[in-house]
Amino acid sequence: MAAKEKHEKPKKASKKHRAEEALTNGTGDVKAEKHAIDTKAYEKELARLQIELVKLQEWVKHEKLKVVVIFEGRDAAGKGGVIKRITESLNPRICRVVALGTPTEREKTSWYFQRYVAHLPAAGEIVLFDRSWYNRAGVERVMGFCSDSQYQEFLRSCPEFERMLVRSGIMVIKYWFSVSDAEQERRFQKRMNDPTRSWKLSPMDVESRSRWIEYSKAKDVMFAHTDIKQAPWFVVKADVKKCARLNCISHFLSMVPYKDLTPSPPELPPRPEGTGYMRPPIEDQTFIDELW
């Protein structure tokens, strides 16, 4: 009786191979390999990174650096979440967020970059652009809000504009948050069912769902023209929000060499004793209702 043939189990593909094979969804975005991160580990690392951000802030202030960080990507890719974690421990006078709305009629007739130039940092400042001049290469192109000649002029002038910023002493760091179509859809559905988040789902976001391919093509052309040596694009795999936040903040910290100049907390002197001051009657003040 012939011996049974041994059937070898197929070798499990390496993590790198699986990532490379499964990653591109064929539509211009990269799908992050799904993996969970322990909440306690995430919060511990985030707290550590936020302490480092404070050190970076003090260094930028001391050295009078000028830093611009651009956050771009598809709707619901997680840009706002990262920006929130960066800024929540920082001084808003040093690190500020710029999220411009629809341009006014006057702004529509001015030099395209003019409305953004007004928000660039002075010495000792960090400016985070929650979407930026790249609106022209993305939503304006796809939705037809600019002419073809305006779009072509943007592709020509944007690299020169950014080189000019770098030559003037402004550090330009650009992040593209890449999210898969399935994950974006899941986040859209979650927003629709959450009264505290439904405002994030604009009519433009809804329209973008049916133009996934067009946005992918626009992003590819944008990268081809604006991924320059002086201000390259850095892609953040954003299917896993917590990982994207930690990875992006860690990378941002690595882009600006800094030293710890965090000042020591001041010593609080003892409170002076009362000097006979008489407060007005408490009944003269209007207090809110104590519901809790």
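Begin by selecting Lys84, Lys190, Lys200 and Lys241, which together form a positive surface patch in this predicted model. Within that selection, centre the view on Lys200, located in the loop between helix H8 (181-192) and helix H9 (203-208). Lys200 is partly exposed, its relative accessible area being 36%.

Turn next to the charge pairs. Side chains of opposite charge can pair when their charged atoms come close. Across the whole structure, a search finds 16 salt bridges; three of the stops below concern such pairs.

Select Glu52 and Lys55, whose closest N and O atoms are 3.0 Å apart in a salt bridge. Both belong to helix H2 (residues 39-63), and because they are 3 residues apart there, about one helical turn separates them. Glu52 is buried, with a relative accessible area of 16%, and Lys55 also counts as buried at 18% relative accessibility.

Keep Lys55 selected and add Asp260: their side chains meet in a second salt bridge, at 3.9 Å from N to O. Asp260 lies in the segment after helix H11 (241-255) whereas Lys55 is in helix H2, so this pair ties together parts that are 205 residues apart in sequence. Asp260 is partly exposed, with a relative accessible area of 49%.

Move then to Arg136 and Glu140, whose side chains form a salt bridge of 2.8 Å, N to O. Arg136 counts as buried at 11% relative accessibility, and Glu140 is buried with a relative accessible area of 12%.

To finish, display Glu52, Lys55 and Asp260 together: salt bridges with shared partners join these residues into one network.

How values were computed: Residues are numbered from 1 along each chain as its sequence is written. This is a predicted model: local features need pLDDT of at least 70, side-chain atom pairs count only at pLDDT 80 or more; totals for chains, interfaces and linings use all residues. Side-chain values use heavy atoms; hydrogens and water are left out. Patches are made of residues with over 30% relative accessible area and no salt bridge: like charges are joined within 9 Å, nonpolar side chains (Val, Leu, Ile, Met, Phe, Trp, Tyr) within 5 Å. Accessible areas come from the Shrake-Rupley method with a 1.4 Å probe; for residues, only the protein chains shown count as cover. A salt bridge is a side-chain nitrogen of Lys or Arg within 4 Å of a carboxyl oxygen of Asp or Glu. Lys and Arg count as positive and Asp and Glu as negative; His and the chain ends are not counted. The place of a charge is taken as NZ of Lys, CZ of Arg, CG of Asp or CD of Glu. Helices (H or I, at least four residues) and strands (E, at least two) are DSSP runs, numbered from the N terminus. Buried means under 20% relative accessible area, exposed over 50%, partly exposed in between (1.4 Å probe, protein chains only).
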